[in-house]
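Here is a guided walk through one protein model. Keep the sequence and the 3D view side by side as you read.

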Amino acid sequence: MQQGSGIRFYAPSFAYYKSGFFCSSPNVFPTISVTGSGCALNCKHCGGKVLSGMRSVFTSDDLFSVCSELKRYGAVGCLISGGCLSDGSVPLKPFVAAITRVKRELGLTVFVHTGILDLETAVLLKQSAVDAVLIDVIGSQEIIDKVYRLNVTVRDYAKSLGVLQKVGLPFVPHVIVGLNEGKLGGEYRALQMISKTNPSAVVIIAFMPLRGTEMAYVKPPQPYDIVRVVALARVMFPKIPLVLGCMRPKGKSRIVIDVLALKAGVNAIVFPSQQAVDFAKMQGWSVSFSSCCCAKIFTDFAMFK
């Protein structure tokens with residue numbers, strides 16, 4: 001998929017972003033956790049810290065009420081996520097009725113982050129008319145065992161992708177670079193599993209240390225390792241929208257990563273560095289910004305073209 005059609009930059013509502021070209025809106029596309037700040041896994045790289053920036057709900061009625069409020073304040077959609085159960089799944093089944101109402105009565109775009117997924121949940125999500133499923137794909141058994149502390153296998157992630165393919169849900173796999181103590185490990189296998197399906201888009205993200213977690217002092221992956229995975233994904237998915245996602249190292253490393261990712265052929269970047277925006281403009285590429293979740297690339301890009 002050629003960049004000549006344009007570059008899309010995203011600044012989702014869960015974090016403030018301002019550059020010389022765009023300022024994000026906190027209400028356009030917020031993230032909601034159906035488990036509050038709770039997660040059964042306490043993964044070494046996250047420790048539930050990511051959940052703290054999300055709106056918390058605990059019942060189906062809560063979810064519809066929050067979405068109704070968001071709609072009144074100008075939201076066009078939301079990402080519904082949450083902490084995992086001990087089997088690696090996000091407990092979405094109790095919220096399917098509310099999701100159905102949000103789609104039917106409020107008309108919001110709804111993305112869900114699922115974790116490990118079974119056929120029954122996938123069918124229910126399909127019936128609820130969710131717009132897309134986001135799923136992290138882990139290609140290393142060692143990372144599953146030691147970082148996620150999950151009693152599942154790499155094959156379970158492949159099965160989850162197969163379930164999404166089977167029921168016909170649009171899905172956007174995320175590959176995380178550097179969970180192997182900041183080094184590469186399992187990323188290629190994750191991409192191989194994804195390549196056996198037909199994703200709507202592919203997102204590459206990277207480990208970044210979070211204060212208060214067990215991996216807080218682990219060095220993040222090197223920029224060239226991150227971009228190596230980006231370039232590999234571009235070769236493996238030449239016709240699929242490719243995104244450099246929100247989670248990746250900050251500071252000077254981000255500038256290097258962003259510009260190299262553009263050179264490697266990404267179609268979108270989340271929270272881009274100013275230098276990345278400048279580079280895209282210098283190349284003469286059409287540039288646009290959005291406060292939505294980057295998973296929207298597969299519909300945005302069709303219109304952008």
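Which residue of β5 does G77 stand opposite? The model is a predicted one, and in it G77 faces T109 of β5. That pair belongs to a longer contact between strands. Strand β4 (residues 77-81) and β5 run parallel and are joined by 4 bridges. To get from β4 to β5, the chain passes through helix α2 (residues 96-106). This β-α-β crossover is right-handed.

Now stay with β5 itself. The strand spans residues 109-113, and 5 of its 5 residues are buried. In a regular strand, side chains alternate between the two faces of the sheet. Follow that here: T109, F111 and H113 lie on one side of β5, with V110 and V112 on the other. Both faces are covered.

Next, look at the other neighbor of β5. Strand β6 (residues 132-136) pairs with β5 over 3 bridges, again in the parallel sense. F111 has A132 as its bridge partner in β6. The chain travels from β5 to β6 by way of helix α3 (residues 119-128), in a right-handed β-α-β crossover.

Step back to the whole sheet. It is open, has 11 strands and shows parallel pairing. The strand order is β3-β2-β4-β5-β6-β7-β8-β9-β10-β1-β11. At the edges sit β3 (55-56) and β11 (287-290), each of which pairs on one side only.

Move along that order to β7 and β8. Strand β7 (residues 171-177) and strand β8 (residues 202-206) run parallel, with 4 bridges between them. I176 is matched with I205 of β8 as its bridge partner. Helix α6 (residues 187-195) lies across these two strands, and runs at about 170 degrees to β7. Another helix, α8 (residues 252-264), also packs on the sheet. Helix α8 touches β1 (7-10), β9 (242-244) and β10 (268-270). Its direction makes about 170 degrees with that of β9.

Finish with a loop residue. V152 lies between α4 (141-146) and α5 (154-167). Is V152 buried or exposed? Its relative accessibility is 9%. The cut-off for buried is under 20%, so V152 counts as buried. Which residues does V152 touch, leaving out those up to four places away in sequence? They are D87, Q141, I144, D145 and Y157. I116 is 36 residues from V152 along the chain, and the C-alpha atoms of the two are separated by 9.0 Å.

Definitions and conventions:
Residues are numbered from 1 along each chain as its sequence is written. This is a predicted model: local features need pLDDT of at least 70, side-chain atom pairs count only at pLDDT 80 or more; totals for chains, interfaces and linings use all residues. Side-chain values use heavy atoms; hydrogens and water are left out. Buried means under 20% relative accessible area, exposed over 50%, partly exposed in between (1.4 Å probe, protein chains only). Two strands pair if DSSP finds at least two bridges between them. A crossover is right-handed if, with the strands pointing away from the viewer, the path from the first strand over the helix to the second runs clockwise. Contact means heavy atoms within 4.5 Å. Axes are lines fitted to C-alpha atoms, for helices over the stretch in contact, and angles run from 0 to 180 degrees between N-to-C directions.
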